Structures are given as C-alpha cells and as structure tokens.
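Open the model in your viewer and keep the sequence panel beside it. The tour below goes from one selection to the next.

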Amino acid sequence: MTAINSVGASGAVALVGAGPGAADLLTLRALKLIQQAGVVVYDRLVSEEVLALIPPDCPRFDVGKSRGHHSMSQAEIGALLVQLAQQCVKVVRLKGGDPAIFGRLAEELDALDNAGISWQIVPGISAASGCAAATGIPLTERGIAQQLRFISAVDKDCNTTQDWASLAKPGQTLVFYMGLNALSEISQQLIAHGLAADWPLLLVENGSRPAQRQLLTTLAAAATAAQHMALQSPCLILVGEVVLRQRQLVPLMAQLKQQLGYLAA
C-alpha cells in the first residue's frame, strides 16, 4: 500500500497526527491541511490549541472517545469519513499524537479503501516523544535502555493481559498508553515478574501543554501517588531508568515559544 491511495473520484481524507498538544509541534503539512480543510473530524485528545487553527467557518465533528463513553462507534466514524468524502470535500481526520500509534488507523483506512476513497497519512509527534521532550528525558540511552516499547495498557475489550515477563526486564523503556486506570495492576505485575519495587516510573499528564504535570515515583508507590495528585487522562506512563533524568522544561518551552512568536504565542 502506498502512502496515497488514488482510487476513486470523490473527495479525499487526510489522516493527520495532531501531536501531543502544543500547536507549534504540528508538522507544516498538518498545519496546511488543517487551514485548507473543508471539514474536520477530530478526537478527544486533540488540544484546544490545535483546534483553534481550524478556520472558523469550517464544519467540525467531535468523535472523541473516553473510558466508558464513545460519542460514536468506530464503525460509525468510518462511515462518517466516507460520507463526507463522497460529498467531494477535503476531509481532515485529526488524531492526537501520531495516527499510526494506537490511533485505530487501520480500521479507518479499511473503511476508506472499501468505499474507494483517496487518503493520505500525515505523521505527528507521538505522545511518547512529546512527553519525553517536555520532561527532558531520553527514551533510549546507551547502557541503560537499548529497547523502547510502546504498550496499549488495555485491549479492545478493556483487558489488561500482557506478556509481563518480557516487559519486566531492565535495559528497556516502557511507555504505557491509556493506562492510568490500570496503573495499580501494571505496577503490581511488573514487580511480580521481576522488576524491583523501587524501579523508577514517570507519569506525565497533558504532556507538552500549558497544564502539564509530571510525577516521578516508583512502581510500588505509583498508584497511591497518582491518586494523591489526582492525575487525569491524558496521562502517559513511562517506566525505566531513563526517567530519572527528567527535568521540568515546560516554563522554558513556554518562554521560548513567546520569544519566537510561534503559533500559540
């Protein structure tokens, strides 16, 4: 499959990564497509800062999902994209982070392919990369983390089954998406399968956004500490020795953004 599917004569759909939240972390291609969109279909994790870039007269559809509440089913979202594209408009499908990482991209591409709709994928900065940059940590480091693993904390049936034995090993960085509600089980399973109770863990809420908060803790203390801090989704869980290098960079990033006159200044 090529990056652009040219089948069909109706409108086209651009599946665009909106990044972790800060508008100036959008790619130039993403910004151009947003500003030229005929209609925008967006997820819950797309920030208000990015949504503010949509032209005021452009129709928009909120199809966001949260735990226990789906405004539309995945099948309905696919049908909506097809319907809008068949009206010969430029459809921008905005997804938080990178659309190819836990973004149900394949299901939407299947719907578009089945209807003969043209599409393109525009990658975005992932939540993992954005949170790592905003907290000043490397995701990999020689001698400390030779592997980087992205893990969906729950599957499509909301189960938390994992290959815990392979995850509970040193020498790697684990990044759990959509895992805040499963934090206690994640911690317990990693300890039970071999990681030390004091193994470092970093929680990042609203990474790269003005409301960012972060908590450096341990596997054993993580669930209690997160509850005490009242952390909310979106919140990324990073496990591994690299998180000990975390730094508070958000004020510096905001200052730089203002000085350079970036999009959100």
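This is a predicted model. Begin by selecting Arg93 and Asp43: the two form a salt bridge, and their closest N and O atoms are 2.9 Å apart. This pair joins distant parts of the chain, with Arg93 in strand S7 and Asp43 in the loop between strand S3 (39–42) and H2, 50 residues apart.

Now check how accessible each partner is. Arg93 has a relative accessible area of 1% and is buried. Asp43 is buried as well, at a relative accessible area of 17%, because the cut-off for buried is under 20%.

Keep Arg93 selected and add Glu108. A salt bridge connects Glu108 and Arg93, again with 2.9 Å between the closest N and O atoms. Glu108 belongs to helix H4 (residues 105–114) and Arg93 to strand S7, so this pair ties together parts that are 15 residues apart in sequence. Both Glu108 and Arg93 are buried.

Which residues are linked with Asp43 and Arg93 in a network of salt bridges? Add Lys95 to the selection: Asp43, Arg93, Lys95 and Glu108 make up the network.

Next, move to Arg245 and Glu141. They form a salt bridge in which the closest N and O atoms are 2.7 Å apart. Here too the pair links distant parts of the chain, 104 residues apart: Arg245 sits in the loop between strand S13 (235–239) and helix H9 (250–260), and Glu141 in the loop between helix H5 (127–135) and strand S9 (147–152). Arg245 is partly exposed, with a relative accessibility of 36%. The salt bridges in the model number five.

Leave the charged pairs and select helix H1, residues 28–35. Which residues of H1 are buried? They are Ala30, Leu31, Leu33 and Ile34. Turn the view to look down the axis of H1: the buried residues fall within an arc of 165°, so they line one face of the helix. On the other side of H1, look for Leu28, Arg29 and Lys32, which are exposed.

Finally, show what the buried residues of H1 pack against. Their partners are strand S2 (12–17), helix H2 (48–51), strand S7 (90–95) and strand S8 (118–122). Strand S7 was already on screen, as the strand that holds Arg93. With S7 displayed, the tour is back at its starting selection, the salt bridge between Arg93 and Asp43.

How values were computed. Residues are numbered from 1 along each chain as its sequence is written. This is a predicted model: local features need pLDDT of at least 70, side-chain atom pairs count only at pLDDT 80 or more; totals for chains, interfaces and linings use all residues. Side-chain values use heavy atoms; hydrogens and water are left out. Buried means under 20% relative accessible area, exposed over 50%, partly exposed in between (1.4 Å probe, protein chains only). Helices (H or I, at least four residues) and strands (E, at least two) are DSSP runs, numbered from the N terminus. The arc is that of the directions from the helix axis to the C-beta atoms. Contact means heavy atoms within 4.5 Å. A salt bridge is a side-chain nitrogen of Lys or Arg within 4 Å of a carboxyl oxygen of Asp or Glu.
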